[in-house]
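This report is meant to be read next to the sequence and the coordinates. Please keep both open while going through it.

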Amino acid sequence: MTAAATGVAAVPPLGRLWRLPGVYRPQADSALLAAALHREVAPGADVLDIGTGSGALAVFAARLGARVDAVDVSWRALLTTRLNAARAGHRVRVRRADLCRPGTGLGSRTYDVVVSNPPYVPAPNSWPGGHSSARAWDAGHDGRRVVDAVCSRAADVLRPQGVLLMVHSGLCGPERTLDRLAAHGLTPEVRATARVPFGPVLRSRLPWLRAQGLLEPGEETEELVVIRAERR
Ligand SMILES: C[S@@+](CC[C@H](N)C(=O)[O-])C[C@H]1O[C@@H](n2cnc3c(N)ncnc32)[C@H](O)[C@@H]1O
C-alpha cells in the first residue's frame with residue numbers, strides 16, 4: 001500500500017499467489033481487508049470469502065487457523081483458489097455462486113466471519129459481461145451491483161455476533177453501505193480507510209467518472225473504506 005491508511009496497524013503479507021489470466025491480482029484493497037481479518041479471526045473460526053478471486057484472503061484466513069469456504073462467480077477464480085490453497089498446504093472449500101442471481105444460495109452453513117472484496121468500480125456498462133477481468137472490477141453505474149448484494153445477503157449466513165468485513169471505494173458511497181447493512185440487522189462501522197493512487201482501470205475511465213460527478217477535476221487518489229458489521 002503506497003498511501004496513508006487509518007485504522008490499520010500493519011498490513012500482513014498475503015504470500016505468493018499463482019493466477020490464471022483474468023483473475024484479480026491482490027492489491028491495496030485486499031491487503032487492507034487482510035489487516036482487518038487478522039484482527040477478527042480466531043483459530044477454529046468459520047470464515048466465508050465472497051468473491052475470492054485468487055483466494056488471497058481465503059488462504060490468509062486458513063493460515064490464521066480458520067475453516068474456510070470461498071465462493072466466486074468465476075470458474076477461473078475458483079480453480080486459482082483451489083491451487084493456491086493446495087500450494088500453501090491449506091484446505092479451502094470452493095464453490096461457484098453468483099451473488100447477484102436471485103435464487104443462487106450461499107448454502108445453509110453459517111459463519112463467524114464473512115469477508116468480501118467485491119467488484120466496486122463504477123462502470124459505463126451496467127453489466128460487466130462474462131470476462132473474469134471485467135467481473136473483478138466493474139459493478140454497474142454506481143459501483144454497487146455486488147456491494148448491495150453482499151449487504152442484503154450477509155446476515156443470512158452470519159451467526160449471531162458474527163462479523164462481515166467488506167472493502168470498497170469511497171466512490172460508491174460508504175454511507176449507503178452503512179444504511180443498507182443496518183436495515184438488514186447488522187451494526188456497521190467504518191473500520192479503516194486508506195488513500196491510494198488511481199489504478200489503471202480508474203485511470204482509463206477518468207473522463208466518464210468526472211462526467212458522472214463521481215470525481216472532481218484534479219482528484220488523483222481514491223479512498224478505500226473497510227466496513228465492519230456485526231450481526232445483532
Ligand atoms: C476485486 S476481486 C477480489 C478478489 C480477492 N478477494 C482479493 O481481494 O484479491 C472481486 C471478485 O469478485 C468476483 N465476483 C464478481 N461478481 C460476482 C458475483 N456476482 N458473485 C460472486 N462473485 C463475484 C470476481 O470474479 C472477483 O474474483
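The text below covers the annotated domain, the nonpolar core, the ligand site and some single residues.

**Model and annotation**

The structure is a predicted model. An unreviewed UniProt entry places the feature "domain: Methyltransferase small" at residues 20–120. In the model, that span is 35% helix and 22% strand, and its end C-alpha atoms lie 21 Å apart.

**Nonpolar core**

The largest nonpolar core contains 70 residues, and Leu37 and Leu164 have the most contacts inside it. Helix H5, residues 145–157, gives the most to this core, with eight residues. Setting aside residues up to four places away in sequence, Leu37 touches Leu57, Phe60, Ala61, Leu64, Val113, Val115 and Leu165.

Val47 belongs to strand E2, which runs over residues 46–50. Because its relative accessibility is 1%, Val47 counts as buried. Beyond residues up to four places away in sequence, the contacts of Val47 include Val41, Ala61, Ala66, Val68, Val113 and Val115. Arg67, Asp69 and Tyr111 are also among the residues that Val47 touches. Ala61, Val113 and Val115 thus appear in the contact list of Leu37 and in that of Val47. The C-alpha atom of Val47 is 17 Å from that of Ala31, and the two residues are 16 residues apart along the chain.

**Ligand site**

There are 19 residues around the ligand, of which Gly51, Asp72, Asp98, Leu99 and Asn117 come nearest. The table gives three N or O pairs between protein and ligand.

| Residue and part | Ligand atom | Distance |
|---|---|---|
| Ser30, side-chain N or O atom | oxygen | 3.0 Å |
| Gly51, backbone N or O atom | nitrogen | 2.8 Å |
| Asp98, side-chain N or O atom | nitrogen | 2.8 Å |

The ligand taken alone exposes 590 Å², and the protein buries 98% of that.

Which residues does Leu99, one of those nearest the ligand, contact beyond its neighbours within four places in sequence? They are Ile50, Leu106, Val146, Ala149, Val150 and Arg153. Leu99 itself lies in the loop between strand E4 (92–96) and strand E5 (111–116). With a relative accessible area of 9%, under the 20% cut-off, Leu99 is therefore buried. Leu99 and Val150 are 51 residues apart in sequence, while their C-alpha atoms are 7.3 Å apart in space. Val150 falls within the residue range of helix H5, 145–157, the helix that gives the most to the nonpolar core.

**Two further residues**

Is Thr80, a residue of helix H3 (75–88), buried or exposed? Thr80 counts as buried, because its relative accessibility is 0%. Apart from residues up to four places away in sequence, Thr80 touches Trp18, Arg19, Leu20, Val23, Gly53 and Ser54. Leu20 and Val23, both in that list, fall within the span that UniProt annotates, residues 20–120.

Gln161 sits in strand E6, residues 158–169. Its relative accessibility is 52%, so Gln161 counts as exposed; the cut-off for exposed is over 50%. Gln161 also has a positive phi of about 70°, although it is not a glycine. Strand E6 covers residues 158–169, a range that includes Leu164, one of the two residues with the most contacts inside the nonpolar core.

Notes
Residues numbered from 1 in each chain as written. Predicted model: local features only at pLDDT ≥ 70, side-chain atom pairs only at ≥ 80, totals over all residues. Heavy atoms only, no water. Core = buried A, V, L, I, M, F, W, Y, C linked by side-chain atoms within 4.5 Å. Buried < 20%, exposed > 50% of the residue type's maximum accessible area, 1.4 Å probe, protein only. Helix = DSSP H or I, 4+ residues; strand = E, 2+ residues; numbered from the N terminus. Contact = heavy atoms within 4.5 Å. Near = heavy atom within 4 Å. Polar contact = N/O pair within 3.5 Å; in protein donor to acceptor, adjacent residues only side chain to side chain. Areas by Shrake-Rupley, 256 points an atom, 1.4 Å probe, with all protein chains shown as cover. UniProt positions renumbered as here; feature names shortened; annotations may be inferred.
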